[in-house]
Amino acid sequence: MESISTQTCVIFTPHETEKDFLSIKVLRGHSASWSSFGHTTGEQLMHLAAAAAHEKSSLETGIVLYHLMKVLGFHSEHRRPDRDQYVEIDWDNIKKEKLHTYIKLAKNEFIYDLDRESYDFSSLMHPNTTKFAKDSKIPVILPKFQVHSVIGQRVGLSDGDVRKILDAYDCPKENNKSNSVVNYDQFSNALTWNGYPAPSWDQFNVFVNSAGPKGQIWSQTEAAMALTHYMHESDGLRAKREYRCEQNGCPGDYETPGCDVGGQRYYGRGYIQLTWCYNYRAASSFLFGDDRLVRDPDSVARSEELAWDTAFYFWNVNVHNLPGVAQGQFGVTTNAINGNLECRGDYVATARKRFEMYKVVRNAFGLDPNAADERAENIKFVFFHIKMGKMGKMVFQCLMLAALAGVIAGVPLPQGVDPRYGKFFQGDIRLPPGFDMKNGIIGDNYRWPGNVVPYEISGAFTGDERNTILGSLREISEKTCIRFVERSNEGDWVFIERGQPNSGCWSYVGRIGGRQILNLQPGPGAHCIWHGTAAHEMIHAIGFFHEQSRNDRDDYVTIMWDNIQPGTEGNFDKINTDAQGISYDYLSLMHYAANAFAIDPSRPTIVPKIDTQIGQNEGLTNSDAQKIRNMYRC
């Protein structure tokens, strides 16, 4: 109750003589809780189950909060009428008696403004992906795009949950901690104090009127972060066209065969400097449901509204919901916008410049500029459960985010050169003796007998590192019939080695016999002892190559050979691998990032032939799991 009251204007008081009141009762020995919905008359019941010691109890903060939200009148997030824009439902995998819990509700059944609040995967009211599943290894709820937040949780209110309460209960402005207004003087000072000319009233009006509804930017802190990036990308809101391309269109740059429309150039435009045809296409589809921006990309520069709309679109889709943004973690936003250039290599000074600009904007908005440094620290403690210690500087955090994100952010996994073996096939694969490049590994002799993979984890790993590795093995086991057993005297096993710095992250493909190494590179610096990376390498050991190596990949992606680093072209060779009857999976854990092995990391080496994101490093997709189940005849 205190969690709700301290963040909103809803107050809970002990019942005295009020006619309508909430009666909370604890049911001992029960595992299921329930509550009445919304405001009713008289005594309104909420039953909380206090389960047996070995069972999950409902007397936990998050679960109590969930039922209090129902009492306040909030439906489950996945029942929104716009749900199908964000997720797919596997109806065949829902228990028959629970089908009704997945039926969408009408817009007027929600007590907050659905147009104002976007779908919230991290809402306390969102179920997990296997809620009421017949087969708990297969998700019922499938996101339609890469989601960077937890899907469904019972920990506490999300920022979206708080905003919904504020909206539904007409909380006064002083309670609305996520919807502070920026006035013209603050907006103007943000630019002029950074050495730019004062903005126009049109620029100010579009920003304050559209930042919330179109960008989901409701707080002063998030507005300060967004405006900083818009200023940096557009030279103080002055450049709605990329300077170097404004005169000649930069022929030969930003070209994507199969997407580009003849006579059009897709260089940077708008306040976020939208580039590449596929990004114009994605923005156009999101904003209008058609391809008008592909046919007329310069409209983004000609229209003040479109210059902002594309900027807000990008923020809404690619930045707003990232873990840490709501907490003011500026490094997260830099990584999302230009992390592959500024979070490593020669451009870290640019990231520092952004951060210094951000501190000035915070000051202009009346926020403490000195608090900005703290808000760039420790983000991964909460969201990735990895003990990293204080990073201190935003640029270092930005660098670590890039390494953490792995293929999500388009940063290649650490690939070093192990002195024992030299370079590897496709960056992280050690080929077994006698491997035939024309046929790939499709024979049963490379499978693990009985679906059992014996393993040994080097004692050099720390306790936290070992837990991370075990977590990745557990995910594979939970979603397939593969069992990992700690080796005793088995003759064939995977030895998970904590390699030397710069030794790379790699594995053999399939069972090769005897002691086969799976190498994970430790820090300092970029390393690969992460859940997704460990799972990626173990799937190699189970018997799978990279997704983009499939012999049918040209039906789904275009390889931009002119942007591939010389000498690394072999990483894009096709192999006659067995796809196990599963269609191409752009979001497979085994798929390269869009800019893998790129000469210019700001340009892709792999371009999907449909409007979609490619590559991620968080965990197995449903297709990844199904391929393993098919290969091992689960």
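Asn451 touches Cys481, Ile482, Arg483 and Tyr632, leaving aside residues up to four places away in sequence. Contact here means heavy atoms within 4.5 Å. Asn451 sits in the loop between β6 (429-430) and β7 (452-457). Helices (H or I, at least four residues) and strands (E, at least two) are DSSP runs, numbered from the N terminus. Asn451 counts as buried because its relative accessibility is 17%. Buried means under 20% relative accessible area, exposed over 50%, and partly exposed in between (1.4 Å probe, protein chains only).

The model is predicted: local features need pLDDT of at least 70, side-chain atom pairs count only at pLDDT 80 or more, and totals for chains, interfaces and linings use all residues. Residues are numbered from 1 along each chain as its sequence is written, and side-chain values use heavy atoms, with hydrogens and water left out.

**Chain overview**

The chain has 17 helices and 13 strands. Of its 634 residues, 55% are buried. Among contacts between residues at least 6 apart in sequence, 69% join residues at least 24 apart. The chain exposes about 27,500 Å², and carbon and sulfur atoms supply 49% of that area. Accessible areas come from the Shrake-Rupley method with a 1.4 Å probe; for residues, only the protein chains shown count as cover.

**Annotated residues and helix α16**

The UniProt annotation "active site", from an unreviewed entry, covers Glu537. UniProt also places the feature "binding site" (unreviewed entry) at His536, His540 and His546. UniProt positions are given in the numbering used here, feature names are shortened, and annotations may be inferred rather than shown by experiment. Glu537 is found in helix α16 (residues 531-542). His536 is in α16, and so is His540.

The table lists relative accessible areas for several buried residues.

| Residue | Place | Relative accessible area |
|---|---|---|
| Glu537 | helix α16 | 0% |
| His540 | helix α16 | 0% |
| His536 | helix α16 | 6% |
| Arg83 | loop between α2 and β4 | 2% |
| Asn338 | helix α11 | 19% |

**Helix α17**

Helix α17 spans residues 622-631, and its buried residues are Asp624, Ala625, Lys627, Ile628, Arg629 and Met631. What covers them includes α15 (463-479) and α16. Just after α17, Arg633 takes a positive phi of about 55 degrees.

**The α5 and α10 pair**

Helix α5 (residues 201-215) packs against helix α10 (residues 304-318) at an angle of about 35 degrees, with the axes 9 Å apart. The axes are lines fitted to C-alpha atoms, for helices over the stretch in contact, and angles run from 0 to 180 degrees between N-to-C directions. On the α5 side, the contact is made by Gln203, Val206, Phe207, Ser210, Ala211, Lys214 and Gly215. Helix α10 contributes Glu304, Glu305, Trp308, Asp309, Phe312, Tyr313, Trp315 and Asn316. By class, this contact has 7 nonpolar, 4 polar and 4 charged residues. Ala, Val, Leu, Ile, Met, Phe, Trp, Tyr, Cys and Pro count as nonpolar, Asp, Glu, Lys and Arg as charged, and the others, Gly among them, as polar.

**Two further buried sites**

Arg83 lies in the loop between α2 (61-72) and β4 (87-89). Arg83 touches His78, Ile89, Trp91, Tyr102, Lys104 and Tyr119, not counting residues up to four places away in sequence. Asn338 belongs to helix α11 (residues 330-342). The C-alpha atoms of Asn338 and Pro601 are separated by 9.9 Å, while the two residues are 263 apart along the chain.
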